[in-house]
Amino acid sequence: MYAAHASNLIGFPVQTRAVSELDDIDQLVEKYRSRLLRFVTFSLGDRDLAESIVQDTFMKAFGARQSFRGECSVQTWLNRIALNMIRDHQRTQKFRFWKSFAQKALDITEVAGILPSERSSPEKSLLMRERAAQVAKVLEGLSFNQRTIFLMRFQEEMEIQEISLAIDMSVNTVKTHLHRAVKAVREKIGETK
Amino acid sequence: MTNPHLTEEQFTEALAGDCDFDVSRHLQTCPQCQWEIERVQAAISDFTAAGLEWAEQQAPASIPVCSRFVPHWQAVSSWTAAALVAAAVLFGVHQERPSQMAAANAIPAVERSESAADVADDNRLLAAIDTEIRWQAQSPVSIERSDKESRSQSPHKLAN
(Lines give C-alpha, C1' and ligand atoms only; values in the text may rest on other atoms or scores of the structure.)
Protein backbone atom coordinates (compact mmCIF):
# COMPACT_ATOMS: atom_id res chain seq x y z
CA MET A 1 0.00 0.00 0.00
CA TYR A 2 2.64 2.42 1.13
CA ALA A 3 5.05 1.53 -1.64
CA ALA A 4 2.32 1.62 -4.26
CA HIS A 5 1.36 5.09 -3.10
CA ALA A 6 4.97 6.20 -3.24
CA SER A 7 5.36 4.95 -6.79
CA ASN A 8 2.20 6.76 -7.88
CA LEU A 9 3.46 9.99 -6.44
CA ILE A 10 6.75 9.83 -8.28
CA GLY A 11 5.46 8.10 -11.36
CA PHE A 12 8.04 5.32 -11.72
CA PRO A 13 6.44 1.97 -10.91
CA VAL A 14 9.82 0.21 -11.25
CA GLN A 15 11.19 1.96 -8.20
CA THR A 16 8.47 0.74 -5.86
CA ARG A 17 10.69 -1.96 -4.37
CA ALA A 18 13.73 0.27 -4.11
CA VAL A 19 11.97 3.15 -2.41
CA SER A 20 10.45 0.95 0.28
CA GLU A 21 13.81 -0.77 0.70
CA LEU A 22 15.51 2.56 1.36
CA ASP A 23 12.98 3.47 4.03
CA ASP A 24 14.35 0.86 6.40
CA ILE A 25 17.93 1.72 7.28
CA ASP A 26 18.48 -1.52 9.16
CA GLN A 27 17.53 -3.53 6.11
CA LEU A 28 19.63 -1.26 3.93
CA VAL A 29 22.71 -1.76 6.08
CA GLU A 30 22.18 -5.49 6.41
CA LYS A 31 21.80 -5.98 2.68
CA TYR A 32 24.45 -3.68 1.27
CA ARG A 33 27.03 -3.10 3.97
CA SER A 34 29.40 -5.94 3.09
CA ARG A 35 29.71 -5.07 -0.56
CA LEU A 36 29.97 -1.38 0.16
CA LEU A 37 32.63 -1.95 2.80
CA ARG A 38 34.59 -4.13 0.40
CA PHE A 39 34.44 -1.52 -2.33
CA VAL A 40 35.42 1.40 -0.09
CA THR A 41 38.11 -0.54 1.76
CA PHE A 42 39.86 -1.66 -1.40
CA SER A 43 39.46 1.77 -2.96
CA LEU A 44 41.10 3.48 0.00
CA GLY A 45 43.31 0.80 1.49
CA ASP A 46 42.40 2.12 4.93
CA ARG A 47 40.14 0.03 7.11
CA ASP A 48 39.17 2.67 9.68
CA LEU A 49 38.48 5.37 7.15
CA ALA A 50 36.50 2.90 5.04
CA GLU A 51 34.36 1.99 8.04
CA SER A 52 33.69 5.65 8.73
CA ILE A 53 32.83 6.40 5.10
CA VAL A 54 30.52 3.41 4.84
CA GLN A 55 28.61 4.55 7.92
CA ASP A 56 28.41 8.12 6.59
CA THR A 57 27.26 6.78 3.23
CA PHE A 58 24.32 4.96 4.79
CA MET A 59 23.37 8.04 6.79
CA LYS A 60 23.53 10.21 3.70
CA ALA A 61 21.64 7.68 1.59
CA PHE A 62 18.92 7.37 4.21
CA GLY A 63 18.62 11.14 4.47
CA ALA A 64 18.46 11.54 0.70
CA ARG A 65 16.34 8.48 -0.05
CA GLN A 66 13.54 10.60 -1.52
CA SER A 67 15.91 11.74 -4.25
CA PHE A 68 16.60 8.19 -5.40
CA ARG A 69 14.98 7.88 -8.83
CA GLY A 70 15.50 4.19 -9.40
CA GLU A 71 17.55 4.87 -12.52
CA CYS A 72 20.28 2.58 -11.25
CA SER A 73 20.50 -0.19 -8.66
CA VAL A 74 20.62 0.72 -4.99
CA GLN A 75 24.13 -0.75 -4.81
CA THR A 76 25.30 1.51 -7.64
CA TRP A 77 23.67 4.49 -5.98
CA LEU A 78 25.40 3.70 -2.69
CA ASN A 79 28.72 3.22 -4.46
CA ARG A 80 28.30 6.59 -6.07
CA ILE A 81 27.56 8.30 -2.75
CA ALA A 82 30.54 6.55 -1.17
CA LEU A 83 32.79 7.57 -4.03
CA ASN A 84 31.75 11.20 -3.66
CA MET A 85 32.48 11.00 0.05
CA ILE A 86 35.89 9.49 -0.63
CA ARG A 87 36.63 12.36 -2.97
CA ASP A 88 35.39 14.89 -0.43
CA HIS A 89 37.63 13.34 2.19
CA GLN A 90 40.55 13.44 -0.18
CA ARG A 91 40.04 17.14 -0.68
CA THR A 92 39.86 17.96 3.01
CA GLN A 93 42.15 18.00 5.96
CA LYS A 94 40.02 15.29 7.51
CA PHE A 95 41.31 12.81 4.98
CA ARG A 96 44.91 13.85 5.59
CA PHE A 97 44.32 13.54 9.30
CA TRP A 98 42.99 10.04 8.92
CA LYS A 99 45.70 9.08 6.50
CA SER A 100 48.48 10.23 8.79
CA PHE A 101 47.02 9.06 12.08
CA ALA A 102 45.34 5.83 11.05
CA GLN A 103 46.54 3.19 13.43
CA LYS A 104 45.27 0.24 11.46
CA ALA A 105 46.40 0.69 7.90
CA LEU A 106 44.90 -2.07 5.85
CA ASP A 107 47.05 -4.99 4.87
CA ILE A 108 45.27 -5.46 1.61
CA THR A 109 46.97 -8.75 0.80
CA GLU A 110 46.02 -10.12 4.20
CA VAL A 111 42.40 -9.22 3.53
CA ALA A 112 42.58 -10.84 0.12
CA GLY A 113 43.94 -14.00 1.72
CA ILE A 114 40.61 -14.71 3.40
CA LEU A 115 38.64 -17.19 1.37
CA PRO A 116 35.78 -19.49 2.27
CA SER A 117 37.54 -22.60 3.51
CA GLU A 118 34.74 -24.99 2.62
CA ARG A 119 35.00 -24.15 -1.05
CA SER A 120 37.83 -26.45 -1.98
CA SER A 121 40.79 -28.54 -0.94
CA PRO A 122 43.58 -26.97 1.16
CA GLU A 123 45.89 -26.93 -1.85
CA LYS A 124 43.37 -25.23 -4.05
CA SER A 125 42.48 -22.80 -1.29
CA LEU A 126 46.13 -21.88 -0.99
CA LEU A 127 46.36 -21.28 -4.73
CA MET A 128 43.23 -19.13 -4.62
CA ARG A 129 44.57 -17.11 -1.72
CA GLU A 130 47.80 -16.50 -3.56
CA ARG A 131 45.96 -15.35 -6.67
CA ALA A 132 43.71 -13.07 -4.66
CA ALA A 133 46.70 -11.62 -2.84
CA GLN A 134 48.47 -10.99 -6.14
CA VAL A 135 45.52 -9.03 -7.48
CA ALA A 136 45.29 -7.09 -4.21
CA LYS A 137 48.98 -6.27 -4.34
CA VAL A 138 48.69 -4.95 -7.88
CA LEU A 139 45.71 -2.79 -6.92
CA GLU A 140 47.74 -1.18 -4.15
CA GLY A 141 50.16 0.11 -6.75
CA LEU A 142 47.54 1.53 -9.10
CA SER A 143 46.34 5.12 -9.20
CA PHE A 144 43.11 5.89 -7.37
CA ASN A 145 41.13 6.15 -10.61
CA GLN A 146 42.54 2.94 -12.06
CA ARG A 147 41.87 1.04 -8.86
CA THR A 148 38.36 2.41 -8.37
CA ILE A 149 37.35 1.73 -11.96
CA PHE A 150 38.77 -1.78 -11.78
CA LEU A 151 36.80 -2.44 -8.59
CA MET A 152 33.63 -0.96 -10.01
CA ARG A 153 33.83 -3.10 -13.13
CA PHE A 154 35.00 -6.44 -11.76
CA GLN A 155 33.98 -6.34 -8.12
CA GLU A 156 30.77 -4.35 -8.31
CA GLU A 157 29.98 -5.53 -11.84
CA MET A 158 29.01 -2.08 -13.02
CA GLU A 159 28.78 -1.41 -16.74
CA ILE A 160 31.31 0.95 -18.31
CA GLN A 161 28.54 3.47 -18.95
CA GLU A 162 27.44 3.31 -15.30
CA ILE A 163 31.01 3.84 -14.13
CA SER A 164 31.35 6.75 -16.51
CA LEU A 165 28.27 8.40 -14.97
CA ALA A 166 29.22 7.53 -11.41
CA ILE A 167 32.66 9.10 -11.56
CA ASP A 168 31.84 11.77 -14.10
CA MET A 169 34.42 10.64 -16.63
CA SER A 170 34.11 9.94 -20.33
CA VAL A 171 33.62 6.35 -21.43
CA ASN A 172 36.94 6.40 -23.28
CA THR A 173 38.82 7.64 -20.21
CA VAL A 174 37.17 4.94 -18.11
CA LYS A 175 38.23 2.33 -20.67
CA THR A 176 41.79 3.63 -20.66
CA HIS A 177 42.04 3.43 -16.86
CA LEU A 178 40.50 -0.02 -16.90
CA HIS A 179 42.87 -1.18 -19.61
CA ARG A 180 45.91 -0.03 -17.62
CA ALA A 181 44.64 -1.73 -14.48
CA VAL A 182 43.95 -5.00 -16.29
CA LYS A 183 47.34 -4.88 -17.96
CA ALA A 184 49.03 -4.46 -14.58
CA VAL A 185 47.05 -7.33 -13.06
CA ARG A 186 47.76 -9.57 -16.01
CA GLU A 187 51.48 -8.86 -15.90
CA LYS A 188 51.70 -9.46 -12.16
CA ILE A 189 49.88 -12.76 -12.35
CA GLY A 190 52.11 -13.71 -15.26
CA GLU A 191 55.23 -13.17 -13.12
CA THR A 192 54.35 -16.01 -10.79
CA LYS A 193 53.36 -18.49 -13.46
CA MET B 1 43.24 -10.46 -37.83
CA THR B 2 46.90 -9.82 -38.56
CA ASN B 3 47.86 -10.44 -34.93
CA PRO B 4 47.50 -14.13 -34.07
CA HIS B 5 46.31 -13.25 -30.55
CA LEU B 6 44.25 -10.58 -28.84
CA THR B 7 45.78 -7.16 -28.36
CA GLU B 8 45.92 -5.68 -24.83
CA GLU B 9 42.85 -3.56 -25.52
CA GLN B 10 40.90 -6.48 -26.94
CA PHE B 11 41.92 -8.58 -23.97
CA THR B 12 40.54 -5.97 -21.56
CA GLU B 13 37.32 -5.70 -23.54
CA ALA B 14 36.93 -9.47 -23.55
CA LEU B 15 37.64 -9.67 -19.83
CA ALA B 16 35.10 -6.94 -19.17
CA GLY B 17 32.56 -8.76 -21.34
CA ASP B 18 32.48 -5.93 -23.83
CA CYS B 19 34.04 -7.47 -26.93
CA ASP B 20 32.99 -7.41 -30.55
CA PHE B 21 32.20 -10.34 -32.83
CA ASP B 22 35.79 -10.80 -34.09
CA VAL B 23 37.18 -11.03 -30.57
CA SER B 24 34.48 -13.49 -29.54
CA ARG B 25 35.19 -15.63 -32.57
CA HIS B 26 38.92 -15.54 -31.90
CA LEU B 27 38.36 -16.63 -28.31
CA GLN B 28 36.35 -19.59 -29.50
CA THR B 29 39.12 -20.77 -31.77
CA CYS B 30 42.24 -19.83 -29.79
CA PRO B 31 42.84 -22.00 -26.69
CA GLN B 32 45.80 -19.86 -25.62
CA CYS B 33 43.83 -16.61 -25.44
CA GLN B 34 40.91 -18.45 -23.88
CA TRP B 35 43.20 -19.92 -21.22
CA GLU B 36 44.73 -16.49 -20.56
CA ILE B 37 41.30 -14.91 -20.11
CA GLU B 38 40.20 -17.69 -17.76
CA ARG B 39 43.41 -17.37 -15.75
CA VAL B 40 42.93 -13.64 -15.14
CA GLN B 41 39.21 -14.10 -14.55
CA ALA B 42 39.94 -16.74 -11.92
CA ALA B 43 42.37 -14.46 -10.11
CA ILE B 44 39.89 -11.57 -10.09
CA SER B 45 37.12 -13.89 -8.98
CA ASP B 46 39.25 -15.16 -6.07
CA PHE B 47 40.09 -11.60 -5.10
CA THR B 48 36.43 -10.57 -5.23
CA ALA B 49 35.32 -13.56 -3.15
CA ALA B 50 38.06 -12.96 -0.59
CA GLY B 51 37.12 -9.30 -0.27
CA LEU B 52 33.47 -10.10 0.27
CA GLU B 53 34.29 -12.81 2.78
CA TRP B 54 36.44 -10.35 4.70
CA ALA B 55 33.77 -7.64 4.59
CA GLU B 56 31.12 -10.04 5.87
CA GLN B 57 33.34 -10.93 8.81
CA GLN B 58 33.55 -7.31 9.91
CA ALA B 59 31.03 -6.51 12.64
CA PRO B 60 28.78 -3.68 11.55
CA ALA B 61 29.32 -0.46 13.44
CA SER B 62 26.13 0.72 15.09
CA ILE B 63 24.46 3.73 13.59
CA PRO B 64 23.60 6.31 16.26
CA VAL B 65 19.95 5.99 17.25
CA CYS B 66 19.27 9.71 17.43
CA SER B 67 20.73 10.26 13.96
CA ARG B 68 18.76 7.36 12.58
CA PHE B 69 15.32 8.06 13.90
CA VAL B 70 15.07 11.68 15.00
CA PRO B 71 14.41 13.95 12.06
CA HIS B 72 16.78 16.88 11.95
CA TRP B 73 14.15 19.55 12.68
CA GLN B 74 12.89 17.66 15.70
CA ALA B 75 16.35 17.14 17.09
CA VAL B 76 17.02 20.84 16.70
CA SER B 77 13.67 21.83 18.15
CA SER B 78 14.22 19.66 21.23
CA TRP B 79 17.55 21.27 21.94
CA THR B 80 16.16 24.72 21.19
CA ALA B 81 13.23 24.19 23.54
CA ALA B 82 15.55 22.97 26.29
CA ALA B 83 17.84 25.96 25.80
CA LEU B 84 14.92 28.39 25.83
CA VAL B 85 13.54 26.92 29.05
CA ALA B 86 16.95 27.10 30.68
CA ALA B 87 17.45 30.68 29.50
CA ALA B 88 13.96 31.69 30.63
CA VAL B 89 14.47 30.21 34.09
CA LEU B 90 17.87 31.85 34.52
CA PHE B 91 16.67 35.18 33.14
CA GLY B 92 13.55 35.09 35.34
CA VAL B 93 15.53 34.34 38.49
CA HIS B 94 18.03 37.03 37.67
CA GLN B 95 15.32 39.63 36.99
CA GLU B 96 13.23 38.85 40.03
CA ARG B 97 16.04 38.65 42.54
CA PRO B 98 16.46 42.48 43.25
CA SER B 99 12.75 43.08 43.71
CA GLN B 100 12.42 40.01 45.91
CA MET B 101 15.33 41.20 48.04
CA ALA B 102 13.91 44.73 48.32
CA ALA B 103 10.45 43.58 49.37
CA ALA B 104 11.55 40.64 51.46
CA ASN B 105 10.63 42.23 54.78
CA ALA B 106 7.29 43.61 53.67
CA ILE B 107 5.70 40.51 52.13
CA PRO B 108 2.37 39.87 53.80
CA ALA B 109 1.09 36.33 54.48
CA VAL B 110 -1.51 36.55 51.68
CA GLU B 111 1.17 37.40 49.15
CA ARG B 112 3.23 34.46 50.39
CA SER B 113 0.30 32.15 49.66
CA GLU B 114 -0.12 33.72 46.22
CA SER B 115 3.54 33.15 45.44
CA ALA B 116 3.09 29.53 46.50
CA ALA B 117 0.26 29.29 43.96
CA ASP B 118 2.55 30.86 41.41
CA VAL B 119 5.17 28.27 42.22
CA ALA B 120 2.58 25.55 41.74
CA ASP B 121 1.61 27.10 38.40
CA ASP B 122 5.24 27.32 37.40
CA ASN B 123 5.70 23.69 38.35
CA ARG B 124 2.73 22.72 36.21
CA LEU B 125 4.12 24.76 33.32
CA LEU B 126 7.54 23.15 33.67
CA ALA B 127 5.95 19.72 33.88
CA ALA B 128 4.01 20.46 30.69
CA ILE B 129 7.19 21.62 28.95
CA ASP B 130 8.97 18.56 30.20
CA THR B 131 6.22 16.34 28.85
CA GLU B 132 6.34 18.17 25.55
CA ILE B 133 10.09 17.78 25.26
CA ARG B 134 9.90 14.13 26.22
CA TRP B 135 7.22 13.58 23.59
CA GLN B 136 9.37 15.19 20.94
CA ALA B 137 12.31 13.04 21.88
CA GLN B 138 10.33 9.82 21.94
CA SER B 139 7.86 10.29 19.15
CA PRO B 140 10.19 9.72 16.19
CA VAL B 141 11.03 6.26 17.46
CA SER B 142 7.45 5.39 18.16
CA ILE B 143 6.33 6.88 14.87
CA GLU B 144 9.06 4.96 13.09
CA ARG B 145 8.08 1.76 14.85
CA SER B 146 4.38 2.17 14.33
CA ASP B 147 5.04 3.12 10.73
CA LYS B 148 7.12 -0.02 10.31
CA GLU B 149 4.49 -2.13 12.00
CA SER B 150 1.71 -0.73 9.87
CA ARG B 151 3.79 -1.28 6.78
CA SER B 152 4.62 -4.83 7.73
CA GLN B 153 0.91 -5.48 8.12
CA SER B 154 -0.11 -3.76 4.92
CA PRO B 155 -1.57 -5.87 2.09
CA HIS B 156 1.22 -4.77 -0.27
CA LYS B 157 3.92 -5.97 2.10
CA LEU B 158 2.11 -9.22 2.70
CA ALA B 159 1.71 -9.72 -1.00
CA ASN B 160 5.47 -9.41 -1.44
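These legends describe close-up views of a predicted two-chain model, taking chain A, chain B and then selected parts of chain B.

**View 1. Chain A is built of helices, with no strands.** The secondary structure comes to 11 helices and 0 strands. From the N terminus on, every element in the run is α: α-α-α-α-α-α-α-α-α-α-α. Chain A has 193 residues, and 40% of them count as buried. Sequence separation adds to the picture. Take the contacts in chain A between residues at least 6 apart in sequence: 65% of these join residues at least 24 apart.

**View 2. Chain B has 7 helices and 0 strands.** Its elements run α-α-α-α-α-α-α from the N terminus on. Chain B has 160 residues, of which buried residues make up 12%. For contacts in chain B between residues at least 6 apart in sequence, 54% join residues at least 24 apart.

**View 3. Helix α1 of chain B carries E13(B).** The helix spans residues 8–15. Is E13(B) buried or exposed? E13(B) is buried, because 20 other C-beta atoms lie within 10 Å. That count meets the cut-off for a buried residue, which is 20 or more.

**View 4. E13(B) has contacts beyond its neighbours in sequence.** Which residues does E13(B) contact, once neighbours within four places in sequence are left aside? They are D18(B), C19(B) and V23(B). V23(B) lies 10 residues from E13(B) along the chain. The C-alpha atoms of E13(B) and V23(B) are separated by 8.8 Å.

**View 5. Confidence across chain B has a mean pLDDT of 67.** In this chain, 44% of residues reach 70 or more. At the level of the model, the scores are ipTM 0.75 and pTM 0.61.

**View 6. In residues 103–111 of chain B, pLDDT stays under 50.** How many contacts beyond four places in sequence does the model have for residues 103–111 of chain B? The model has 1 such contact for this segment.

**View 7. In residues 136–160 of chain B, pLDDT again stays under 50.** For this segment the model has 20 contacts beyond four places in sequence. These contacts are part of the prediction, and they come with pLDDT under 50 throughout residues 136–160.

Terms used:
Residues are numbered from 1 along each chain as its sequence is written. Chains are lettered from A and ligands numbered from 1 in the order in which they are written. This is a predicted model: local features need pLDDT of at least 70, side-chain atom pairs count only at pLDDT 80 or more; totals for chains, interfaces and linings use all residues. Helices (H or I, at least four residues) and strands (E, at least two) are DSSP runs, numbered from the N terminus. Two residues are in contact if their C-beta atoms, placed from the backbone, lie within 7 Å. pLDDT is the predictor's confidence in each residue, from 0 to 100.
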